[in-house]
Protein chains: 2
Amino acid sequence: MPLLPALPPGLLDALHGVLGARGIVTDQADLVPHLSDWRGLYRGASPALLRPGSTAELAAAMRLLHEAAVPVVPQGGNTSMVGGAMPDESGRQVILSLSRLNRIRDLDPVDMTMVAEAGVVLKTAQDAAAAAGTLFPLSLGAEGTATIGGVLSTNAGGNTTVRYGNARDLMLGLEIVLPDGGVINGLRRLRKDNTGYALRHLMVGAEGTLGIVTAAVLRLFPRPRAEAIALCAVESEDAALALFRRFRDRDETAVRAFEYMAGQGMDLVLRHVDGATLPLSERADHYVLVDLSSSRPDADLRGLMEGVLEEALEAGEVLDAALAESEAQRAAIWRLREEHPEAQKREGASVKNDVSVPVSKVPELIRRSNAALTALIPGARPVPFGHMGDGNIHMNLEQPEGMDAGAFLARSHDIMDCVNAIVRDLDGSFSAEHGVGRLKPDMLAEWRGGAELDAMRRIKAALDPLGLLNPGKVLPA
Amino acid sequence: MPLLPALPPGLLDALHGVLGARGIVTDQADLVPHLSDWRGLYRGASPALLRPGSTAELAAAMRLLHEAAVPVVPQGGNTSMVGGAMPDESGRQVILSLSRLNRIRDLDPVDMTMVAEAGVVLKTAQDAAAAAGTLFPLSLGAEGTATIGGVLSTNAGGNTTVRYGNARDLMLGLEIVLPDGGVINGLRRLRKDNTGYALRHLMVGAEGTLGIVTAAVLRLFPRPRAEAIALCAVESEDAALALFRRFRDRDETAVRAFEYMAGQGMDLVLRHVDGATLPLSERADHYVLVDLSSSRPDADLRGLMEGVLEEALEAGEVLDAALAESEAQRAAIWRLREEHPEAQKREGASVKNDVSVPVSKVPELIRRSNAALTALIPGARPVPFGHMGDGNIHMNLEQPEGMDAGAFLARSHDIMDCVNAIVRDLDGSFSAEHGVGRLKPDMLAEWRGGAELDAMRRIKAALDPLGLLNPGKVLPA
């Protein structure tokens, strides 16, 4: 165990005073799960983990830390893909866990709102909404661990963005603790409220560098009462986009998800995942998963699905399609999509690119990236898949067969640069839904430099003049 | 004409240099239309009106004004309800008109985006979207004059918020000129982009006090291909809410608008507006307008409308209903709603309250306000109407018959205070969609004081340290 700079005894006593024995952990053994991320890519050190049991306790602790100028790293479910919840290795940064702020304070089926504390796990929020006959639609791979505070602080996206928007769009109000311990009670459940600067929107996506989100008013929706899900083999990337347009133009409110998968990735899923089978007559180079839903029981989504697929078959865009006839078949089709990361992992090493482009440019992104990546590393296998309907494709690259994993991973930055150059040319983003965290502040400087970065720095200095909140994240040093 | 402090001759020359002769107006006669708002409630003075012809010209002018520390009031369509685009009476504040930034730079039916400059009139943007077979759904009374820069800077709402959200929700990216002339090119047409602080969302609703919105990427939607519109007499405020819930729960995506109107307001419309007739068998104390739409031609909205209304008739919520059978009937029903302000004006003086509460509390807001207002001013006639579906009711008050208009209007602040006390008790907002402007900074201080106001002030100081942008608006002095 390295020797860490301890917190000043006076501060420790004061923190004990406001947080109680349950609220502060200094034993390094107990801190271990908090000192690396879930993929083991980022590690840090910390003198203490704070676990306040209420917003008032959290605010009191923040005041003490602010007075002592101790830096603080907020941590929710610790599922960041970019090291966003990791302290650095200095051992000076206290970890602030939101885990005990885990109450659902209110759920109102008339207002269609839920007031959830930051530490509520996303799946728990989904379940609470469902139990009240409603839907909280945010859905992503880490939903069993990720928390409301985390998904809001990173403006998480996921599979249903094409229909319901990002986390930002599902938020009406926030309770926020500022770096100096000041509390903003913005838990207003209003659909219209134009009263000054939208601090809540500034906090969403700020990754805990401007303030701590302690609770949120979330939007609920009527639960779906009709569904239709199909897996389609399509002729090309362009055909996939053409099919998306057909569905969107017919009824944009029915398209809950529209996911692209390359044949190469599907091959890996079919090879590595137990029980995975292709419900189509033959392999294809391109697939899409179409997921339609409606709160209207009589929405006739099957008719909509069949009608559009028939047109697309005639147009030569769709080669073959399988409609799910049961809940089991629906789950099996979704599993083919969701097991992509796991299949990639079993096949070998891979590098992930979380990028987005305008929807119209997705085919070009995939084609150009595929070509550039295989030119960069001969034998490497591009595995693009993801949210075609919102322009966010995970442009992942699987190592060449037989290549040493370490040697391949050593090219990670070359691979990211290769994809990013194309993304930039297509007016896209280097971070679609994972955020900036510890991984990409230099990209932020490069892509959003000049007046934009300067304005961000000014805002950071205004709200956190001592630079205590989640240092080293988002903004470059 | 009062003697104004003129701009320094050197600055005038420099502005001429960057803006050209068309870009600067100093003749006070030509300035007149810009020195009072459309209702004549606010007046100001100004030494010059600047009309840059491009973002580059605007930025260059801002740099000059910043160096000379000259305050600037941005002005779009000048349709603010709260004096948001009016200079003060000092004569020191230059008016910055966005009127020549009026190009639609791009419209992409695949991305479903439009890039519009700030000076594009809302109606022009709607028409351009329609010409491309798409819909830009923001819709409000002033749409023939209000501009894209204005509706974004005030996060305008309107009739279709219940379905499409506020202006904020219809924006993907912004081009912004900062007070020092720095330009942020954030015109990204991305559905997912998590790269640093959401400056675009900070600008929306900031009413031109933090930066000048010069262009925006707007979201487009498929155009509706099915509609159903009905006027209903309902039993009470609670019955109106119950009916809204029935429609929302059946298909929340179909409810384009759901408007409440009190019998007293409808009486005024029927009395004062040429050709206005009630398509129901008898007068009622409460009405709602239900407007359903879908991009699906086969959505069977008539079936949905009739099915829900039948249930509500049986439940005693709905007393009578008239479904529009033609485009003319649809327009006639909407006209009954839209002529409320005009009818109020013809009847006499009235005081407007633009408030919102959680949707569940709308009936209580209306009942309590009606009682409190008639107790405050005996004989005065409450005329509540507006967007029940998003909790934004215009709790207007018509003067008592025979009372002197001036004497009634002298009670304006008492009337606003009376309604606001109830709104506050119901966790509502003193400004739902009109913003703060010159009228309500003191309310902002009272309602959003403490840490929230402090954070707003810090952000203002960070982005506009000299306090040059739209001084006296939003934040209290």
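**Entry 1: strand β8 of chain B**

I count two strands as paired if DSSP finds at least two bridges between them. The model I am examining is predicted. By that rule I looked up the partners of β8(B), and I found that it pairs with strand β9 (residues 183-186) of chain B in the antiparallel sense, over 4 bridges. Within this pairing, I noted E175(B) opposite N185(B) of β9(B). I then examined the connection: β8(B) and β9(B) form a hairpin with 5 residues between them. In the turn, I recorded a positive phi of about 95° for G181(B).

I next listed the pairing of β8(B) with strand β10 (residues 212-219) of chain B, which is also antiparallel and runs over 6 bridges. Here I176(B) stands opposite V213(B) in β10(B).

Is β8(B) buried or exposed? I find 7 of the 7 residues of this strand (residues 171-177) buried, so the rest of the structure largely encloses it.

**Entry 2: strand β14 of chain B**

I turned to β14(B), residues 286-294, and found 9 of the 9 residues buried; the strand is therefore largely enclosed by the rest of the structure. For this count I took buried to mean under 20% relative accessible area.

I then asked which residues of β14(B) lie on each side. In a regular strand the side chains alternate between the two faces of the sheet. On one side I listed H286(B), V288(B), V290(B), L292(B) and S294(B). On the other I listed Y287(B), L289(B), D291(B) and S293(B). All of these are buried, and both faces of β14(B) are thus recorded as covered.

For the neighbours of β14(B), I noted strand β12 (residues 226-234) of chain B, paired in the antiparallel sense over 8 bridges. In that pairing, A228(B) has L292(B) as its bridge partner. I also noted strand β13 (residues 255-262) of chain B, which pairs with β14(B) in the antiparallel sense over 7 bridges. There, L289(B) is the bridge partner of E259(B).

**Entry 3: the sheet in chain A**

In chain A I traced an open sheet of 4 strands in the order β1-β2-β4-β3, with mixed pairing. I placed β1 (24-25) and β3 (72-75) at the edges: each has a single partner strand, so one side of each is left without a neighbour in the sheet. I checked β1(A) further and found that it pairs with strand β2 (residues 49-50) of chain A in the antiparallel sense over 2 bridges. I24(A) stands opposite L50(A) in β2(A).

**Entry 4: the interface of chains A and B**

I tabulated the contact, to which chain A gives 86 residues and chain B gives 86 residues. About 6900 Å² is buried between the two chains, and carbon and sulfur atoms give 53% of this area. I noted that K192(A), N194(A) and Y197(A) supply 15% of the area that chain A buries against chain B, more than any other three residues.

How many salt bridges cross the interface? I recorded 12 between chain A and chain B. I inspected one of them, R163(A) with E252(B), and found the closest N and O atoms 2.6 Å apart. I also recorded 57 residue pairs in polar contact across the interface.

I then asked which elements of chain A supply at least two residues each of the side that touches chain B. I found α6 (161-164), β9 (183-186), α7 (199-203), β11 (221-222), α8 (237-251), α10 (301-314) and α17 (451-463). The largest share, 9 residues, comes from α17(A). By residue class, I entered 36 nonpolar, 24 polar and 26 charged residues for the side of chain A that touches chain B.

Conventions. Residues are numbered from 1 along each chain as its sequence is written. Chains are lettered from A and ligands numbered from 1 in the order in which they are written. This is a predicted model: local features need pLDDT of at least 70, side-chain atom pairs count only at pLDDT 80 or more; totals for chains, interfaces and linings use all residues. Side-chain values use heavy atoms; hydrogens and water are left out. Buried means under 20% relative accessible area, exposed over 50%, partly exposed in between (1.4 Å probe, protein chains only). Contact means heavy atoms within 4.5 Å. Buried area is the accessible area (1.4 Å probe) that two parts lose on being put together, summed over both. A salt bridge is a side-chain nitrogen of Lys or Arg within 4 Å of a carboxyl oxygen of Asp or Glu. A polar contact is a pair of N or O atoms within 3.5 Å; within protein, one must be able to donate a hydrogen and the other to accept it, and residues adjacent in sequence count only if both atoms are side-chain atoms. Ala, Val, Leu, Ile, Met, Phe, Trp, Tyr, Cys and Pro count as nonpolar, Asp, Glu, Lys and Arg as charged, and the others, Gly among them, as polar.
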